[in-house]
Amino acid sequence: MNKKKLGLGLLGAGLGLGYYINRQCFYAKEKRVNLYSKKAKSPIRITQISDFHSNVLANLGEVLRNIKDFDPHFIILTGDIIDYGTERKIERSVFFLRHLMSLGYPTYYISGNHEEAGPNLDVFASKIKKLGIVYLFNDQSSFYVGENKINLYGLGHYARFYEKYKPENDAINIILSHLSKDVRTEGISDFDFIFSGHTHGGQVRLPLIGALISPGEGFFPNYDSGEFPYKNGIIYVDSGLGNTFLPLRFLNPIGFSNITIANGSVV
């Protein structure tokens, strides 16, 4: 093989890889998830969006249509919706949230490390409040979905306390924690579900091996993405709708989770 052919081959491979990574980073995939609880009197539909990081979605219209078709009872935003609190990045996230709220579903938000460690969280919180989004910062919201009572508790990321967490035996008790490890290390066990993000699913995954490294969970993490039975409940980790530092994903496209909780036993 001469140098010209080799060069063209390498160029083609590079362009192909670049196209693949671009699709992984900016075209969101819908994930349909079924979870189970003996307490569920009727199905509960939840859309989870995590780690948006002020991303630009090339298929925003498709994302909104998929959520509308799923018709969730409520939406949860599990942190790092902004990448850093600059005016441009806040407005980019608010642009997405404005379109999301146009669907008309109750929406609950918790802050992650990028919001709490960066500037202007108060500005962002004010803007999402005007959109009708409920910010749960170490606070609980209780409501009904059909005959199901939902206790939804949102943890802060750095300052965490459970004084307002009031789980009930006959309710579906849900904790929103940007990093599920924050609940696990506290030894909290009186929950039915924890919904979290932060890990980005490792961003780069390999066949059979899975995630190589995950923020907060270390190398070859056990809680990288998906469903994990834990104590008497379930942890579900969403792999995120955005990227941080570099737009780099492999075998792990950005996405969001449309989750149905139905009656059944924890596997």
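## Charges, cores and overall form

Let's start with charge: the chain carries 29 positive and 25 negative side chains, and the centres of these two sets lie 8 Å apart. Keep in mind as you look around that this is a predicted model.

Next, the overall build. The chain holds 6 helices and 16 strands. Its radius of gyration is 19 Å, which agrees with the value near 18 Å for a compact globule of 267 residues. Some whole-chain values are gathered here.

| Property | Value |
|---|---|
| Span of the C-alpha trace along its principal axes | about 70 × 40 × 35 Å |
| Exposed area | about 12500 Å² |
| Share of exposed area from carbon and sulfur atoms | 56% |
| Buried share of the 267 residues | 53% |

Contacts reach across the sequence, too: of those between residues at least 6 apart, 70% join residues at least 24 apart.

Now for the inside. The largest nonpolar core has 27 residues, and the members touching the most others are Leu57, Leu77, Phe96, Leu97, Leu100, Phe124 and Leu241. Two or more residues each come from helix 2 (60–70), strand 3 (74–78), helix 3 (87–101) and helix 5 (121–131). Helix 3 is the top contributor, giving 6 residues to this core. Apart from it lies another core of 23 residues, including Ile110, Leu152, Tyr236 and Ile259.

Which residues does leucine 241 contact, leaving aside its neighbours within four places in sequence? Its partners are Ala28, Ile49, Ser50, Asp51, Phe52, Asn55, Leu57, Phe96, Ile254, Gly255 and Phe256. Among these partners, Leu57 and Phe96 also appear in the list of core members that touch the most others.

Technical notes:
Residues numbered from 1 in each chain as written. Predicted model: local features only at pLDDT ≥ 70, side-chain atom pairs only at ≥ 80, totals over all residues. Heavy atoms only, no water. Core = buried A, V, L, I, M, F, W, Y, C linked by side-chain atoms within 4.5 Å. Buried < 20%, exposed > 50% of the residue type's maximum accessible area, 1.4 Å probe, protein only. Helix = DSSP H or I, 4+ residues; strand = E, 2+ residues; numbered from the N terminus. Contact = heavy atoms within 4.5 Å. Rg over C-alpha atoms; globule rule 2.2 N^0.38 Å. Areas by Shrake-Rupley, 256 points an atom, 1.4 Å probe, with all protein chains shown as cover. Lys, Arg positive; Asp, Glu negative; His and termini not counted. Charge placed at Lys NZ, Arg CZ, Asp CG, Glu CD.
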